[in-house]
Every structure is written in C-alpha cells, then in structure tokens.
Amino acid sequence: MEDFGRAVAEFVRDHQAWAAPIVFLLAFGESLAFISLLIPAWGALVAIGALIGASGISFWPIWLAGGLGAALGDWISYWFGYRYKEQVAAMWPLSRYPDLLPRGEAFVRKWGIPSIFIGRFFGPLRASVPLAAGIFEMEHVRFQVANFVSALVWAAALLLFGDVIARVTEWLWRTV
C-alpha cells in the first residue's frame, strides 16, 4: 500500500493539473463503503499533502476536491444503507467482516450526529458509520450537514499533515 501512495504522489508531482481530480477520486474511494475496506487511500492523500508546499500545488482546490470526494462517498454509502437496509451485511466484502456494521450501529446510536464526524477519522468506522446511519434512518439533512463539515475538516487534516511532515523533513535536512 505504501508503494501505491508513493506512485500516486509521484504522478501528481509530475502532472499537477491532475492533482484535484486524483484527490477527489482518492477521497471518494476512501469514504465509499466497500471500496474503502479494500483500498485505503489516506496514505496517498497525506503524500499529496506533502507536495503542496514542496511543489507549489495550490492547497485550496486540492482541499475542496478532497472534501467533496469524501462527502460524496459517504452520501452514497448513506443512501446505500438507507435503500438496502439489512441486506447490506450479507454483501461482499462486509460479509467477511460481520462485526463491522454492528459496531457502526452501536456507535451511531450512542453518539448520534457527532458519530458522523468522529467516524470520519477512524479507519473501519469510516466505512460503516454512513452505512449504519442510512440503515437506521438518521435524519437526512442532519446527516448531510455533519457529512460535509467532517469531510472538509478530514481533507484539510490529511493534506496539512502531509504538508507539515514535508516542511519538518526539509527543515531537518537543512540543519543536518
């Protein structure tokens, strides 16, 4: 997976015009139920964040693309859970992780709207919380507000984390 992140970051470095669409797709895949379990893309997003300061890529379009991609992924996951309810647990790859949806359900029931924000930042919960919110019919508008706000914060956090790592690494190399 580390090689995937490195390859994507190198491609973005060499083809900066593709940075926003690639970040959109990575964030979408990272947030979309089923896909996020198979291909975690957060490492590639952090690596692209490291390019922001180093290569002059503008933060704002990359951040917006990441936030919108993540929000769309969760929106579709919510809709899928709402539409297919309990059938979702029997679908692959969730059928291979039978405890994932019950954990997501318990989390959503306990925390309500904040679960959407919190779940965005924790690996397996990222895939199951929107599904669980849809299955258990969390109010749509409240879900979407939490979804979009958390997606924008999440995208900023990953990209800025990568940027900070790159700047610290650069500073360390200059002082050595």
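Contact here means heavy atoms within 4.5 Å, and with that in mind we can look at how some helices in this predicted model meet one another. Helix H2, residues 19-31, is a good place to begin: its axis comes within 7 Å of the axis of helix H5 and within 9 Å of the axis of helix H4. After those two pairs come H6 with H7, and then helix H9.

**H2 against H4**
- Ile22, Val23, Leu26, Ala27 and Glu30 of H2 meet Trp42, Ala44, Leu45 and Ile48 of H4.
- The axes of H2 and H4 (residues 42-55) cross at roughly 150°; angles over 145 degrees count as roughly antiparallel, so H2 is roughly antiparallel to H4.
- The crossing of H2 past H4 is left-handed.
- By class, this contact holds 8 nonpolar residues, no polar ones and 1 charged.

**H2 against H5**
- With H5 (residues 59-84), the axis of H2 makes an angle of roughly 30°; because angles under 35 degrees count as roughly parallel, H2 is roughly parallel to H5.
- Here H2 passes H5 in a right-handed crossing.
- On the H2 side, the contact is made by Ala19, Ala20, Val23, Phe24, Ala27, Phe28 and Ser31.
- H5 contributes residues including Pro61, Ile62, Ala65, Gly66, Gly69, Gly73 and Asp74.
- The residues of this contact divide into 13 nonpolar, 5 polar and 1 charged.
- Val23 and Ala27 of H2 appear in the contact with H5 and also in the contact with H4.

**H6 against H7**
- Helix H6 (residues 100-111) packs against helix H7 (residues 113-120) at an angle of about 130°, and their axes are 6 Å apart.
- That angle makes H6 oblique to H7.
- H6 passes H7 in a right-handed crossing.
- Phe107, Val108 and Trp111 of H6 make the contact with Ile113, Pro114, Ser115, Ile118 and Gly119 of H7.
- Of the residues in this contact, 6 are nonpolar, 2 are polar and none is charged.

**Helix H9**
- Helix H9 spans residues 140-175, a run of 36 residues.
- From its first C-alpha to its last, H9 reaches 52 Å, close to the 52 Å expected at 1.5 Å a residue.
- At the start of H9, a side-chain oxygen of Glu139 comes to within 3.3 Å of the backbone nitrogen of Val141.

Definitions and conventions
Residues are numbered from 1 along each chain as its sequence is written. This is a predicted model: local features need pLDDT of at least 70, side-chain atom pairs count only at pLDDT 80 or more; totals for chains, interfaces and linings use all residues. Side-chain values use heavy atoms; hydrogens and water are left out. Helices (H or I, at least four residues) and strands (E, at least two) are DSSP runs, numbered from the N terminus. The expected span of a helix is 1.5 Å times one less than its number of residues. A polar contact is a pair of N or O atoms within 3.5 Å; within protein, one must be able to donate a hydrogen and the other to accept it, and residues adjacent in sequence count only if both atoms are side-chain atoms. Axes are lines fitted to C-alpha atoms, for helices over the stretch in contact, and angles run from 0 to 180 degrees between N-to-C directions. Angles under 35 degrees count as roughly parallel, over 145 as roughly antiparallel, 65 to 115 as roughly perpendicular and the rest as oblique. A crossing is left-handed if the near helix is turned anticlockwise from the far one by less than a right angle, and right-handed if clockwise. Ala, Val, Leu, Ile, Met, Phe, Trp, Tyr, Cys and Pro count as nonpolar, Asp, Glu, Lys and Arg as charged, and the others, Gly among them, as polar.
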